[in-house]
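Let's take a walk through a protein chain together, one stop at a time. Keep the structure open beside you and find each residue as it comes up.

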Amino acid sequence: ILAKYNGEIVPLYFFATSAGQTESVENVWGSKFPYLVKINTGILNVRAGASTSYKINTQVKKGQVYTIVDEKDGWGKMKNGSGWISLDYVRKIEMKK
């Protein structure tokens, strides 16, 4: 991840006091959303809606990670606004406790 401040790339540092534990998304946000998924197929179509009948907006590649903010009929809505992906071709990233 790159961050800019006043137009310049700056280093990012992370400090945790939780001894490596991560809180469940449901405990933090009060729902199962948002959550992260990792694409586990070569190329996955991102569609305008939650089914294969919708047009393809773009494609994502294996190994990429995205945030899901909603689900419908086995499809996940991407936080970045690019569309919906089939959840059959992703792996949910579980937070370790």
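Find S86 and look at what sits around it: apart from residues up to four places away in sequence, S86 touches L44, G74 and W75. You'll find S86 in strand β8, which covers residues 84–86. Is S86 buried or exposed? Its relative accessibility is 9%, and because anything under 20% counts as buried, S86 is buried. Keep in mind as you look around that this is a predicted model.

Now let's zoom out for a moment. The protein chain has one helix and nine strands. If you start at the N terminus and read along, the order is β-β-α-β-β-β-β-β-β-β. Of the 97 residues in the protein chain, 23% are buried. The chain exposes about 7,300 Å², and carbon and sulfur atoms supply 51% of that area. How much of the contact picture comes from residues 24 or more positions apart? Among contacts with a separation of 6 or more, such residues account for 51%.

Next, head for the inside. The largest nonpolar core has 11 residues in all: Y35, V37, I39, L44, V46, V60, Y66, I68, M78, I85 and V90. Three elements give two or more residues to this core, namely β3 (35–39), β4 (43–47) and β6 (65–72). Which of the elements gives the most? That's β3, with three residues.

So let's stay with β3 and see how its side chains are arranged. Here's a handy bit of background: side chains in a regular strand alternate between the two faces of the sheet. You can follow this along β3, where Y35, V37 and I39 point to one face and are buried. L36 and K38 point to the other face and are not buried.

β3 also has partners. With β6, it pairs in the antiparallel sense over four bridges. To find one place where they meet, look at L36, whose bridge partner in β6 is T67. β3 pairs with β9 as well, again in the antiparallel sense, over three bridges. Here I39 stands opposite V90 in β9.

That brings us to V90, a residue of strand β9 (residues 90–92). V90 has a relative accessibility of 13%, so it counts as buried. Which residues does V90 touch, not counting those up to four places away in sequence? The answer is V37, K38, I39, N40, L44 and I85. You can also compare V90 with Q64: they are 26 residues apart along the chain, and their C-alpha atoms are separated by 9.7 Å. While you're in this area, look for K92, which lies over the face of Y35 at 4.4 Å from the ring centre. As for pairs of aromatic rings, the count comes to zero.

Another core member worth a visit is V60. Setting aside residues up to four places away in sequence, V60 touches I39, G42, I43, L44, V46, Y66 and M78. One step along the chain is K61, in strand β5 (residues 56–61). Is K61 buried or exposed? K61 has a relative accessible area of 53%, and because over 50% counts as exposed, K61 is exposed. K61 still has contacts beyond its neighbours within four places in sequence: I39, T41 and G42. Take G42 as an example: 19 residues separate it from K61 in sequence, yet from C-alpha to C-alpha the two are 5.7 Å apart in space.

Two stops remain. D73 is in the loop between β6 and β7 (75–78). With 67% relative accessibility, D73 counts as exposed. Check its backbone too: the phi of D73 is near 50 degrees, a positive value in a residue other than glycine.

Finally, go to K77, which has its place in strand β7. K77 has 37% relative accessibility, so it counts as partly exposed. Beyond its neighbours within four places in sequence, K77 is in contact with T67, I68, V69, D70, G83 and W84. How far apart are K77 and T67 in space, C-alpha to C-alpha? They are 8.3 Å apart, with their positions 10 residues apart in sequence counted as the separation. T67 may ring a bell, as it is the bridge partner of L36.

Notes
Residues are numbered from 1 along each chain as its sequence is written. This is a predicted model: local features need pLDDT of at least 70, side-chain atom pairs count only at pLDDT 80 or more; totals for chains, interfaces and linings use all residues. Side-chain values use heavy atoms; hydrogens and water are left out. Buried means under 20% relative accessible area, exposed over 50%, partly exposed in between (1.4 Å probe, protein chains only). Contact means heavy atoms within 4.5 Å. Accessible areas come from the Shrake-Rupley method with a 1.4 Å probe; for residues, only the protein chains shown count as cover. A nonpolar core is a set of buried Ala, Val, Leu, Ile, Met, Phe, Trp, Tyr and Cys residues joined through side-chain atoms within 4.5 Å. Rings of Phe, Tyr and Trp (its six-membered ring) pair if their centres lie within 6.5 Å; planes under 30 degrees apart count as stacked, over 60 as edge-to-face and the rest as tilted. A charge sits over a ring if NZ of Lys or CZ of Arg is within 6 Å of the ring centre and within 35 degrees of the ring normal. Two strands pair if DSSP finds at least two bridges between them.
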